[in-house]
Amino acid sequence: MAGERTITLEVQRFHPEADEAPYLQPYTIPFSEGTSVLEGLQHIKDRLDGSLTFRWSCRMAVCGSCGCMIDGEPALACRAFLRDYAPGPVRVAPLDHLPIRRDLVVDQSDFLAKLERARTYLIPADERTPADGAYRQTPEEMADYYDYAQCINCLLCYAACPQYGWDQAFTGPAVLALVQRYDLDSRDAGKDARRAVVNADTGVWGCTLVGYCSEVCPKGVDPARAINQRKPASVADYLLGWLRPSGGEGTP
Amino acid sequence: MTERSVDSDLVIVGGGGAGLRAAIAAAEADPGLRIALLSKVVPMRSHTVAAEGGAAGVARADDSLAGHFTDTVAGGDWLCDQDVVERFVAACPEEMVRLEQWGCPWSRQADGRPQVRFFGGMTTQRSWYAADKTGFHLLHTLFQTTLRYPGIERYDEYYCADLLVDDGEACGVLALEIASGEPVRFSAPAVILATGGAGRAYGQNTNAGIVTGEGMAMAYAHGVPLRDMEFVQWHPTTLPGSGILITEGCRGEGGVLTNREGRRYLQDYGLGPPEPWPRPKAMELGPRDWLSQAFWREDQAGRTVPTAQGAAVQLDLRQLGEARILERLPLITDVARRFAGVDPLHAPIPVRPAVHYTMGGIPTDAEGAAPLAGLFAAGECASTGIHGANRLGSNSLAELLVFGRAAGEAAARRAREAGRRRHARAAAQLAEAAARPALAMLRNERGERVAALRDALHATMERHVGIFRNQAGLEQACADLAELRERYRRGVRLDDRSRIYNTEWLSALELGHTLQVAEAMACSARARLESRGAHRRDDAYSERDDERFLVHTLAHARGEAAPALEHAPVTITRAAPQRRAYGAAAEAAGGEGA
Ligand SMILES: Cc1cc2nc3c(=O)[nH]c(=O)nc-3n(C[C@H](O)[C@H](O)[C@H](O)COP(=O)(O)OP(=O)(O)OC[C@H]3O[C@@H](n4cnc5c(N)ncnc54)[C@H](O)[C@@H]3O)c2cc1C
Ligand code: SF4
Ligand code: FES
C-alpha cells in the first residue's frame, strides 16, 4: 500500500467482564479521501481486531445506529470522514451520558421507554378508516411539524445535552421533539394524552436552553426549538390545571 | 442449556416494514394475542429505513388497477403469478391511505391530497412518496404505531439463529440475546419470517450491513425450497465504491444519465428517443435491468467515466434547478455532498450499478403462508410471485404493507386455531440442538477470519453471478461456493470469544446463512438456460425462451451438497407473454405492449 495515507484511531474500549474502567486503544489504518470513520472501524474489526464492538447498519446516515463521540463531539461515524481529522490521531468513544454496554455500544433502552411513555404516534380525533379516504393536509400544514418528523433516533442530542447528563429522568430532546411532531400535526388530537409527559419537571421544564442538541443533530430536527415552542403552551396548561379539577389526561 | 424461553401465540422475526405491518395486523385482528417481535436491530434501524423513492398504489383518476397490473407483469418479464399480482394491486391503495391515517407524512399537492410521482417501468404517476425518505417515514410511522398495541412485545437486538420445526410444523425459533449472548427459545404455533433480502451476498450493494439472508436460509435448511433465486436486481444508479443508493426518484424528477461523451446513451439501447423531461417507461425511466445492462455495455465499449472507485456514468440533475432539487431530493443532496464530494446543484453525480434487491425467496401464497405448516413469510425474504424476473421500483414497499398485513392476519388465525404449547417438549430439545453449533463456534481454535471468507464470497458472486452471466462462469461459481461452504464448515476463527455483544460471532453466523443463499442463487442461475428480466446471459442463451422457461425455479437444500433444482409453472390469468419493449418501440408495438 505504498503512498497510502494512514491515521491513528484511538478507540475507547470497555468489556464489562474484563475491564474495571474504559481505556483507549490505538489502531493505525490506511484511509483515502472517501473513508468514513465507520469504514475505519470496520477495517479494524475485519483485519486487525475482531473484538472491537460497535453498531452500524445503513452506512448512509439514516438508520441512526452508529452515533459516537468523535474527538469529543457527538457524530454519526458513517457521516464523519477521516480526511477531516487528518493527520490525527482521532479519538472515538461511546456517546456521552448513556450507559456503556461494551466498547462503543451504549444502552438505548431509556430512550425507547421514554418514547413509549410519551405516546409518539398519531392519536386521531375520529375513527377514520381507509374507506373515508386520506386526510387533507396542505403543504403549509405539513411544514408545521415536518422538521420534527426527520428524527432518526440516533441519540446524538442526548449525548450533547448537559441536562440529561445531570439527570437521566429528563425526557430529553428527541422525545420532546417527537411529541411536538405529533402535537402540531393537523391530523392529531392526542395533545392531552401527551401533556403529562411534557409538562412534568422532567419534561420541557428540564431544559436549560443550552441548544447544543440542535447543533449536533445530523437531520436538522432542531429539538431546542421544539422545546421552546412548548414552553408557553406548557405554562397555559399548567395554569388551566389549577382551574380545572383534573389537570391530568383530558378526554379528547 | 437453553434455560430461557418465551411462550407466545405468534413469533415474528424481523422489525422492518414487513414485520411491523404484520405485527400490527395480527394485533388488530386479535387483540388478545401475545406477539413476540424479534429483531437483530431496534426496528427503526432496519433496512426499510433506507428506501428513498416511493411506494406504489393507484391514486389518480387517469390511472387504473389494470395499468398497475400490466406494468408489474411486463416489468417482471412475465414470470409473475398473475393471480397474486391482481390481489396485490387491488390492495395497495388502501394500504397507502391507512399509512396516511397513521401519520405518514406523504408529500402533498397544494390542495392537501397526497402526491404521486413517476417511477421506472410505471406508465403513470402512481408512487406515493415522502420526499426522498419514503422508507424512513414508512418505517418510523409503523414503528411508532406498534407502540399503541400492548399485545406486541418487542425483543430488540435478538439474533434469530434457527427455526424450530417439529413433525412438519414450525413451532418457534432459537434466538441469541445479543446483549448477553444467551440462547433464548421462542415457542409459538405460528412464525412469520420478515427478515429482508440477501443483497450482502455481493460486495457492491445498496443494502444495509444486516441484509444477510438468514430468514431465507433458515427456511431453506428446514426443507422449504427457495424460489427464483437467480433473479437479483442491480440498481443502475449507486455511488461507486460504497454502493450507496441514488434514488430512481432523481430520474423521475428529470435527472438524465450521460456517458463519457456527454451522450444520453440509453437512446442506443432501445429506450429512446431522448426528450428533455421524463416520459414514462422511456430513457432514464426504463426498467432497472435494462439500465444496468446498458451500463455494462457502455463500460465494455470504453464509454464510462473513470473514478477512484471504478467506472461510472453521470447522473445530471442540474436541469431541475436548485429549488426543486432541495425540496424533492434533500437526502440525495446531502448524500452526494458528503459521500461523493459532489454538489448536485452544480455537477453531475458519478453513478454505477450495484446489487439492490432479491426477487426470489421463500415461496408463499397470497396469504403469506409458506409450504410448511405454521410458517409464514413477508417482505423481501418472501417470494409471493409479484416481482417475477424483475421487480419494479416502488412495488417492494407496497409489498411490505400488503403482504405484511396478509401474513399477520393469516398467522393470527393459525395461532388461535392451533393453540399454544402443542410442541412444548419437542421445542425445548430442538432449541438445545439448534444452539449447540452456534455456541461451539466460540470455542474454535482454528479456522479462517470472517472477512477472508466474506471477501471470497463477494469476489465469486460479483465475477460470475453478475449483471451478465454465462455457463462457464456459473459452473465456476457453483464450484467456488461449494468450496467456500466447506471452508466455513472447517472453521471460522474468532478473535472474540466472549458472549456479551459479540458482533464478530454474529457476523460469522450470518455468513454461514449467506453462503447457503448464495449457492442457491448461483445454482438456480445455472439451471435457467435462457435470459429473462434480471437474469441475463451472454452465452448461447441470450434470448427469452417461453417454451421451456416460463417457469419458476425451486431450489431444494441437500445439506452439504449443492441444491436439487426443479421448475414449476407460473400462473397466468389474463396477460399472455409478449415482448418487452420500452420507449418509442413500445408505442409502435401498440400502446400497452410493455
Ligand atoms: C437503498 C434502498 C432503497 C430502496 N428504495 C425503495 C423504494 O423506493 N421503493 C420500494 O418499493 N422499495 C425500495 N427498496 C426495497 C425495500 O426497501 C426493501 O425491499 C424492503 O424495505 C425490505 O423490507 P423488509 O421488511 O422485508 O426487510 P428489512 O427492512 O430489511 O427488515 C428485516 C428485519 O429483519 C431483521 N432480521 C433479519 N435477520 C434477522 C435475524 N437473523 N434475527 C433477527 N432479526 C433479523 C432485521 O433486524 C430487520 O428488522 C429499497 C432498497 C434499498 C436497499
Ligand atoms: S433529534 Fe436529531 S440528534 Fe436527536 S435523536 Fe433525533 S436525529 Fe438524532
Ligand atoms: S450506519 Fe446508519 S446512521 Fe450510520
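This is a short talk on how two chains, A and B, meet in one structure, and on how the domains within each chain pack against each other.

Before anything else, please keep in mind that what you see is a predicted model, and that the values I give are computed from it.

Let me begin with chain A taken alone. The C-alpha trace of chain A spans about 70 × 40 × 30 Å along its principal axes, and its secondary structure comes to nine helices and seven strands. Chain A has 252 residues, of which 54% count as buried. If we take the contacts in chain A between residues at least 6 apart in sequence, 66% of them join residues that are at least 24 apart.

The domain assignment divides chain A into domain 1, residues 5-106, and domain 2, residues 109-247, and the centres of these two domains, taken over C-alpha atoms, are separated by 31 Å. Where they meet, 16 residues of domain 1 of chain A are in contact with 17 residues of domain 2 of chain A, and the two domains bury about 1,200 Å² between them, with 63% of that area on carbon and sulfur atoms. On the domain 1 side, Pro74(A), His97(A) and Leu98(A) supply 44% of the area buried against domain 2 of chain A, which is more than any other three residues supply.

What kind of polar pairing do we find between these two domains of chain A? The count is five residue pairs in polar contact, while the rule finds zero salt bridges across this interface. The elements that give two or more residues to the domain 1 side are the strands β3, at 67-70, and β4, at 73-76, of chain A, and β4(A) provides the largest share, with four residues. By class, the residues of domain 1 of chain A that touch domain 2 of chain A divide into ten nonpolar, three polar and three charged.

I now turn to the interface between the chains. Here 64 residues of chain A are in contact with 65 residues of chain B, and the area buried between chain A and chain B is about 5,300 Å², of which carbon and sulfur atoms give 51%. Within chain A, the residues that lose the most area to chain B are Arg59(A), Met60(A) and Pro130(A), although together they account for 13% of what that side buries.

How many salt bridges does the rule find between chain A and chain B? There are eight across this interface, and one that you can look up in the model joins Arg454(B) to Asp46(A), with the closest N and O atoms 3.4 Å apart. In addition, the count between chain A and chain B is 39 residue pairs in polar contact. On the chain A side, the elements that give two or more residues are α1 (37-48), β6 (100-102), α2 (109-117), α3 (139-146) and α6 (173-183), and the residues of this side divide into 31 nonpolar, 15 polar and 18 charged.

One of those elements deserves a further word. Because eleven of the eleven residues of α6(A) are buried, this helix is largely enclosed by the rest of the structure. Among the buried residues of α6(A) are Gln180(A), Arg181(A) and Asp183(A), as well as Val175(A), Leu176(A) and Leu178(A).

Finally, chain B. Its domain assignment gives domain 1 in three segments, 4-52, 136-234 and 356-434, followed by domain 2 at 235-355 and domain 3 at 438-551. I will speak about domains 2 and 3 of chain B, whose C-alpha centres lie 29 Å apart, and whose contact takes six residues from each of the two domains. The area buried between them is about 570 Å², of which carbon and sulfur atoms give 69%, and Asp289(B), Gln293(B) and Trp296(B) supply 72% of the area that domain 2 of chain B buries there, more than any other three residues.

Between domain 2 and domain 3 of chain B the rule finds zero salt bridges, and the count of residue pairs in polar contact is two. Helix α7 of chain B, residues 288-300, gives the most to the domain 2 side, with five residues, and by class that side has two nonpolar, two polar and two charged residues.

Key: Residues numbered from 1 in each chain as written. Chains lettered and ligands numbered in written order. Predicted model: local features only at pLDDT ≥ 70, side-chain atom pairs only at ≥ 80, totals over all residues. Heavy atoms only, no water. Domains from an automatic or database assignment. Contact = heavy atoms within 4.5 Å. Buried area = accessible area lost by both parts, 1.4 Å probe. Salt bridge = Lys/Arg side-chain N within 4 Å of Asp/Glu carboxyl O. Polar contact = N/O pair within 3.5 Å; in protein donor to acceptor, adjacent residues only side chain to side chain. Nonpolar A, V, L, I, M, F, W, Y, C, P; charged D, E, K, R; others polar. Buried < 20%, exposed > 50% of the residue type's maximum accessible area, 1.4 Å probe, protein only.
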